[in-house]
Amino acid sequence: MPIDISRANFSLAQHCFFFDLDGTLAPIVDDPSTVAIPDDFKPALARLYSQTGGAVAILTGRGLSDALTILDPLPLPVVGSHGLEYDARLGGSGDQSSAQAALKEVLAPLQAFAAAKDLKLECKPGAIALHYRHAPEHAVAAQRTIDNVASFASGLRALHGKMVSEVTVASVDKGTALTTLMSRTEFAGRVPVMVGDDVTDEDGFSAAQSWGGCGIKIGSGETCAKYRAETMAEFHHWLAKLVAEGK
């Protein structure tokens, strides 16, 4: 049973912070292209980055370029596509050709399914996503389609989030991304905190806790995270208070 976030005690000098984007820093909306971080929360994120000496990163399923656009002008670096794409400030991405070739193999059946059900299909560098928030009656069919495609494709896996299902690269996730970043100067020697709201963040929670840190789950649902915030607003209030105290 996760502990209420109000009981968490973190130090800006000792901890480093990893955040999911949608549902964590920004509200989830029907049209993913309109996502925005609340203006009144941006100063807290900027101060956190400054007060920790840059020990902050965004770990998101969004493509890197898309995430950077949403975050602008905040200075927060990003790992996108569930751990495949690294911001240049975090060392940059390696060769993605094999991942993109594998995804290209499964694109046609997903395009056909999306067209038949009038669902939004999003192609990202490290994933192909089916969005069904606007058509929840197709959720089960979309999930089964993603599962079937992933099971027949080498090097891919199915990943199901809040009203979205994706075929992603199997060798990377938010946990591998967090572990990679812990070797960097900005994060080395600190205790990691991973914050997210969805099933896709569980790998990050687990990795942070394997490093002696913790996960913070926003919202309801089963989780391995040590702490929980009931709502995104509650988490935003808690983080703003943490940076205002400057401990």
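**Exercise 1. In this predicted model, determine whether Val167 is buried or exposed, and list what surrounds this residue.**

Step 1: Val167 has a relative accessibility of 0%, and because residues under 20% are classed as buried, Val167 counts as buried.

Step 2: Val167 is placed in strand S9, which covers residues 164-169.

Step 3: Once residues up to four places away in sequence are set aside, Val167 touches Leu103, Val106, Leu110, Gly126, Ala127, Ile128, Ile146, Val149, Leu156 and Arg157.

Step 4: Separation along the chain can be set beside separation in space for Val167 and Ala177, which are ten residues apart in sequence and 18 Å apart from C-alpha to C-alpha.

**Exercise 2. Describe the setting of Asp22, and find which side chain makes a polar contact with the side chain of Asp22.**

Step 1: Asp22 is found in the loop that runs between strand S2 (15-19) and helix H1 (42-51).

Step 2: The relative accessibility of Asp22 is 19%, and since the class of buried residues covers values under 20%, Asp22 counts as buried.

Step 3: The polar partner is Arg62, whose side chain makes a polar contact of 2.7 Å with the side chain of Asp22.

Step 4: Without the neighbours within four places in sequence, the residues in contact with Asp22 are Ile28, Val35, Arg62 and Asp197.

**Exercise 3. Work out the strand order of the open sheet of eight strands, and then place helices H2 and H7 relative to the strands they meet.**

Step 1: The order of the open sheet is S1-S12-S11-S10-S2-S3-S4-S5, and its pairing is mixed.

Step 2: The edges are formed by strand S1 (3-4) and strand S5 (85-86), each of which pairs on one side only.

Step 3: Within this sheet, S10 and S11 pair in the parallel sense over four bridges, and Val195 stands opposite Ile216 in S11.

Step 4: Helix H2 (residues 64-71) lies across strand S3 (56-59), strand S4 (78-80) and S5, and runs at about 140° to S4.

Step 5: Helix H7 (residues 202-210) has Glu202, Gly204, Phe205, Ala207 and Ala208 as its buried residues, and these pack against helix H6 (174-181), strand S10 (191-196) and strand S11 (214-218).

Step 6: Just after H7, Gly212 takes a positive phi of about 90°.

**Exercise 4. Determine how many aromatic pairs the structure holds, and characterise the pairs Phe10 with Trp238 and Phe18 with Phe187.**

Step 1: The structure holds seven aromatic pairs.

Step 2: Phe10 and Trp238 are arranged edge-to-face, with 5.6 Å centre to centre and 90° between the planes; this pair links distant parts of the chain, with Phe10 in the loop between S1 and S2 and Trp238 in helix H8 (residues 232-245), 228 residues apart.

Step 3: Phe10 and Trp238 are both buried.

Step 4: Phe18 and Phe187 are stacked, with 5.1 Å centre to centre and 25° between the planes, and they lie 169 residues apart, Phe18 in strand S2 and Phe187 in the loop between H6 and S10.

Step 5: Phe18 is buried at a relative accessible area of 0%, and Phe187 is buried with a value of 0%.

Step 6: Ring pairs link Phe10, Phe17, Phe19, Tyr227, Phe235 and Trp238 into a cluster.

**Exercise 5. Establish how many disulfides there are, using a sulfur cut-off of 2.5 Å.**

Step 1: The count comes to zero disulfides.

Step 2: For Cys214, the nearest cysteine sulfur belongs to Cys16 and is 10 Å away, while for Cys224 the nearest cysteine sulfur is that of Cys214, 11 Å away.

Step 3: Cys214 counts as buried at 4% relative accessibility, whereas Cys224 is partly exposed with a relative accessible area of 36%.

Terms used: Residues are numbered from 1 along each chain as its sequence is written. This is a predicted model: local features need pLDDT of at least 70, side-chain atom pairs count only at pLDDT 80 or more; totals for chains, interfaces and linings use all residues. Side-chain values use heavy atoms; hydrogens and water are left out. Helices (H or I, at least four residues) and strands (E, at least two) are DSSP runs, numbered from the N terminus. Buried means under 20% relative accessible area, exposed over 50%, partly exposed in between (1.4 Å probe, protein chains only). A polar contact is a pair of N or O atoms within 3.5 Å; within protein, one must be able to donate a hydrogen and the other to accept it, and residues adjacent in sequence count only if both atoms are side-chain atoms. Contact means heavy atoms within 4.5 Å. Two strands pair if DSSP finds at least two bridges between them. Axes are lines fitted to C-alpha atoms, for helices over the stretch in contact, and angles run from 0 to 180 degrees between N-to-C directions. Rings of Phe, Tyr and Trp (its six-membered ring) pair if their centres lie within 6.5 Å; planes under 30 degrees apart count as stacked, over 60 as edge-to-face and the rest as tilted.
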